[in-house]
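Notebook open, model loaded. I want to look up a few things here and jot down what turns up.

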Amino acid sequence: MNTTLAIVSIIAALAMGAVSPGPSFVLVARTAAAAGRREALFTALGLGCGALTFAVLALLGLHAVFAAVPWAYTALKLCGGAYLIYLAYRIWRGAKQPLPPLARAGSQRRAHLWRAWFRGLATQLSNPKTAVVFAGVFAALMPEHPTPGFYLTVPAGAFMVDAGWYTIVACALSSAALRAAYLRYKALIDRLAGSVMGLLGLKLMSMAGA
């Protein structure tokens, strides 16, 4: 497989994985409705940075690490599941709390934006499914003799796929009409989102022994 075809194939495979529903979608959707477009966009950037990190790790041999050290994958599932359960608890606990106003002071707004970025990054890195997808895709589709351009293009493409997709989600779900609907049913939506996140976390932890 030549380098150009390999790059296109890898990016296409990663794009199909990005658009499949999961904890990242739940996080961006809730952030967009609850905190507004700007924080949701920073969450999308965090998810993109997580994808870039996995791409670099996959290029360095993530698949080989999981094969040689099986407990590393088990630990990733346990830690990832625990983090999702923690997020679920935070969402559920705040279900009945009123939202803060979207307009904040400058330093407070920056702190919230960086927290949103970190939540996106942590959610992406805590997802062992993403790690396996990247490791498997790279192992299957890497050219026999990668060029320096390949090593630069693929991580950048992974970042743009995830950040781009979740930017679309953030913009689509942060409209005034959807925010008003969210405010009307906030407790119910938060508990549903928390339940989904918690179930995903429990599923990951239950798979640790598989």
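First entry: is cysteine 49 buried, partly exposed or exposed? I looked up its relative accessible area and got 25%. Buried would need under 20% and exposed over 50%, so cysteine 49 goes down as partly exposed. One reminder to myself: this is a predicted model.

Next I checked cysteine 171. Its relative accessibility comes out at 31%, and with the cut-offs at 20% and 50% that makes cysteine 171 partly exposed too. While on cysteines, I looked for disulfides and found 0 in the structure.

Then the overall fold. I count 10 helices and 0 strands. Written along the sequence, the pattern is α-α-α-α-α-α-α-α-α-α. Of the contacts with a separation of 6 or more, 90% join residues 24 or more positions apart.

Surface entry. The protein has 210 residues, and 42% of them are buried. I get about 10,700 Å² of exposed area, with carbon and sulfur atoms supplying 72% of that.

On to glutamine 124. Where does it lie? I find it in helix α6, which covers residues 106-125. Its relative accessibility is just 2%, and because buried means under 20%, I list glutamine 124 as buried. What does glutamine 124 touch, leaving out residues up to four places away in sequence? My list reads Ser24, Leu47, Gly50, Ala51, Phe54, Thr130 and Asp162.

Pocket entry. I went for the second largest pocket, and its volume is about 420 Å³. There are 23 lining residues, and those closest to the pocket centre are Gly22, Pro23, Asn127, Lys129 and Thr130. Thr130 was already in my notes as one of the residues that glutamine 124 touches.

Which helices each supply at least two residues of that lining? I wrote down α1 (3-18), α2 (23-35), α5 (70-93), α7 (128-141), α8 (148-172) and α10 (186-206). The biggest share comes from α7, with 5 residues.

Last look at the lining, by residue class. I have 13 nonpolar residues in the second largest pocket, plus 7 polar and 3 charged ones.

Wrapping up the page with the items I'd flag. Cysteine 49 and cysteine 171 are each partly exposed, and the structure has 0 disulfides. Glutamine 124 is buried at 2%. For the second largest pocket, I'd start from α7, which gives the most to the lining.

Methods
Residues numbered from 1 in each chain as written. Predicted model: local features only at pLDDT ≥ 70, side-chain atom pairs only at ≥ 80, totals over all residues. Heavy atoms only, no water. Helix = DSSP H or I, 4+ residues; strand = E, 2+ residues; numbered from the N terminus. Buried < 20%, exposed > 50% of the residue type's maximum accessible area, 1.4 Å probe, protein only. Contact = heavy atoms within 4.5 Å. Areas by Shrake-Rupley, 256 points an atom, 1.4 Å probe, with all protein chains shown as cover. Disulfide = S-S within 2.5 Å. 1 Å grid on protein atoms, 1.4 Å probe; cavity = no way out; pocket = protein on both sides within 12 Å on 5 of 7 lines; lining within 4 Å. Points joined across faces, edges and corners; volume = space filled by probe spheres on them. Nonpolar A, V, L, I, M, F, W, Y, C, P; charged D, E, K, R; others polar.
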